[in-house]
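Student: I have a new structure to look at and would like some help reading it. Could we go through it together?

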Amino acid sequence: MTDRSQIPEFAPQGPQLVYVAVADHIAARISAGELTPGARLPAERDLAEEYGVAYLTVRRAARVLRERGLILTVHGKGTFVVESLPTDETHPHA
């Protein structure tokens, strides 16, 4: 069940980079359960239209989400929420 009250409104402000704001918003959607483990994300162009940003902005946001360990892109298949979300213990800050 999705709890949309946990997902902040997408409204980048001030010095925040738009692609980071998109990444943070998608991460919030994953945390709230709107995007579940194993779920396929919409195409980058569709996300760009949904967020009102350029396609390359979504592409950079996806790179950030991959670096955070939240999504996985499979060439020819799409981009998916990872099956097991990372915890602080799996990514030690060494």
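Tutor: What follows is a discussion of this predicted model, from its overall make-up to some individual residues.

Student: What does the secondary structure of the protein come to?

Tutor: The protein has three helices and two strands. Read from the N terminus, the elements follow the order α-α-α-β-β.

Student: And how many of the residues count as buried?

Tutor: The protein has 94 residues, and 35% of them count as buried. The exposed surface of the protein comes to about 6400 Å², with carbon and sulfur atoms supplying 53% of it.

Student: What share of the contacts comes from residues 24 or more positions apart?

Tutor: Among contacts with a separation of 6 or more, such residues account for 53%.

Student: Let us turn to the helices. At what angle do α1 and α3 pack?

Tutor: Helix α1, residues 18-31, packs against α3 at about 55 degrees, and their axes are 8 Å apart. The two helices are therefore oblique to each other. The crossing of α1 past α3 is right-handed.

Student: Which residues meet there?

Tutor: From α1 the residues are V18, Y19, V22, A23, I26 and A27, and from α3 they are T57, R60, A61, V64 and L65. By class, this contact of α1 with α3 has nine nonpolar residues, one polar and one charged.

Student: Where does T57 lie, and is it buried or exposed?

Tutor: T57 lies in helix α3, which covers residues 55-67. T57 counts as buried because its relative accessibility is 19%, and the cut-off for buried is under 20%.

Student: What does T57 touch?

Tutor: Leaving aside residues up to four places away in sequence, T57 touches V18, Y19 and V22. These three residues of α1 are among those that meet α3.

Student: Now for the other helix pair. How do α1 and α2 cross?

Tutor: Helix α2 spans residues 44-51, and its axis comes within 12 Å of that of α1, with a crossing at roughly 100 degrees. The helices α1 and α2 are therefore roughly perpendicular to each other.

Student: Which residues make that contact?

Tutor: On the α1 side they are V22, H25, I26 and R29, while L47, E50 and Y51 take part from α2. The classes in the contact of α1 with α2 are four nonpolar, one polar and two charged residues.

Student: H25 is on that list. Is H25 buried or exposed?

Tutor: H25, which has its place in helix α1, is buried, with a relative accessible area of 11%.

Student: And what does H25 touch?

Tutor: Not counting residues up to four places away in sequence, H25 touches I7, P8, E9, F10 and Y51. Of these, Y51 belongs to α2 and takes part in the contact between α1 and α2.

Student: Changing topic to the strands: where does I71 lie?

Tutor: I71 is in strand β1, which covers residues 71-74. I71 counts as buried because its relative accessibility is 4%.

Student: What surrounds I71, then? Which residues does I71 touch?

Tutor: Apart from residues up to four places away in sequence, I71 touches I30, L41, A62, L65, R66, T79, F80, V81 and V82. One of these, L65, is also among the α3 residues that meet α1.

Student: And how are I71 and S84 separated?

Tutor: I71 and S84 are 13 residues apart along the chain, and their C-alpha atoms are separated by 10.0 Å.

Note on methods. Residues are numbered from 1 along each chain as its sequence is written. This is a predicted model: local features need pLDDT of at least 70, side-chain atom pairs count only at pLDDT 80 or more; totals for chains, interfaces and linings use all residues. Side-chain values use heavy atoms; hydrogens and water are left out. Helices (H or I, at least four residues) and strands (E, at least two) are DSSP runs, numbered from the N terminus. Buried means under 20% relative accessible area, exposed over 50%, partly exposed in between (1.4 Å probe, protein chains only). Contact means heavy atoms within 4.5 Å. Accessible areas come from the Shrake-Rupley method with a 1.4 Å probe; for residues, only the protein chains shown count as cover. Axes are lines fitted to C-alpha atoms, for helices over the stretch in contact, and angles run from 0 to 180 degrees between N-to-C directions. Angles under 35 degrees count as roughly parallel, over 145 as roughly antiparallel, 65 to 115 as roughly perpendicular and the rest as oblique. A crossing is left-handed if the near helix is turned anticlockwise from the far one by less than a right angle, and right-handed if clockwise. Ala, Val, Leu, Ile, Met, Phe, Trp, Tyr, Cys and Pro count as nonpolar, Asp, Glu, Lys and Arg as charged, and the others, Gly among them, as polar.
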